[in-house]
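Welcome, and please load the model in your viewer. We will go from the overall fold to single side chains, one selection at a time.

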Amino acid sequence: MRNVMVQNNQTAENALQVTALLYLQEALAAERYEECTELIGSAKELGVGQTEISTVLASYIRRLKGNGNEANQNNARRRF
């Protein structure tokens, strides 16, 4: 019975960690940057590692760069 309780506790911790990362991702997507520091702090308190946080931030930056490049390419096509 003890093993089941440990597994359930680990599952709950993992769910909280994933939820914290999703909140960070949503704040970035909505450009609510003022919330990000607090969300990162909360994620760290829940045991989320710096690697996972950096992955979310890097993904957001790549998406921004990708969208910017795509928009620039579309504008360039319209000019000709």
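Start with a cartoon of the whole chain: the protein has 3 helices and 0 strands, in the order α-α-α along the sequence. Helices (H or I, at least four residues) and strands (E, at least two) are DSSP runs, numbered from the N terminus. This is a predicted model, in which local features need pLDDT of at least 70, side-chain atom pairs count only at pLDDT 80 or more, and totals for chains, interfaces and linings use all residues. Residues are numbered from 1 along each chain as its sequence is written, and side-chain values use heavy atoms, with hydrogens and water left out.

Now switch on the surface. The protein exposes about 6400 Å², with carbon and sulfur atoms supplying 52% of that area (Shrake-Rupley method, 1.4 Å probe; for residues, only the protein chains shown count as cover). Of the 80 residues, 18% are buried; buried means under 20% relative accessible area, exposed over 50%, and partly exposed in between. Contacts (heavy atoms within 4.5 Å) also say something about the fold: among those with a separation of 6 or more, 56% join residues 24 or more positions apart.

Next, select Leu 24, Leu 28 and Ile 53. Within the largest nonpolar core, which has 13 residues, these three touch the most other members. Such a core is a set of buried Ala, Val, Leu, Ile, Met, Phe, Trp, Tyr and Cys residues joined through side-chain atoms within 4.5 Å. Helix 1 (2-29), helix 2 (36-45) and helix 3 (50-79) each supply at least two residues of this core, and helix 1 gives the most, with 5 residues. Stay on Leu 28 and show its surroundings: leaving aside neighbours within four places in sequence, Leu 28 is in contact with Tyr 33, Cys 36, Val 56, Leu 57 and Tyr 60.

Cys 36 leads on to helix 2. Which residues of helix 2 are buried? They are Cys 36, Leu 39, Ile 40 and Ala 43. Look down the axis of helix 2: its buried residues fall within an arc of 100° (taken from the directions from the helix axis to the C-beta atoms), so they line one face of the helix. On the face turned away from that buried side, select the exposed residues Thr 37, Glu 38 and Glu 45.

Move just past the end of helix 2 to Gly 47, where phi is positive at about 100°. Then add Gln 17, which sits in helix 1. The Gln 17 side chain reaches the backbone oxygen of Gly 47 at 3.5 Å, a polar contact (a pair of N or O atoms within 3.5 Å; within protein, one must be able to donate a hydrogen and the other to accept it, and residues adjacent in sequence count only if both atoms are side-chain atoms). Not counting residues up to four places away in sequence, Gln 17 touches Leu 46, Gly 47 and Val 48.

For the last stop, go to the loop between helix 1 and helix 2 and pick Glu 31. Glu 31 is exposed at 51% relative accessibility, and its phi is near 60°, a positive value in a residue other than glycine. Finish with Arg 32 and Glu 35, which form a salt bridge with their closest N and O atoms 3.1 Å apart. The structure holds 1 salt bridge (a side-chain nitrogen of Lys or Arg within 4 Å of a carboxyl oxygen of Asp or Glu). Arg 32 is partly exposed at 32% relative accessibility, and Glu 35 is partly exposed with a relative accessible area of 32%.

Terms used
Buried < 20%, exposed > 50% of the residue type's maximum accessible area, 1.4 Å probe, protein only.
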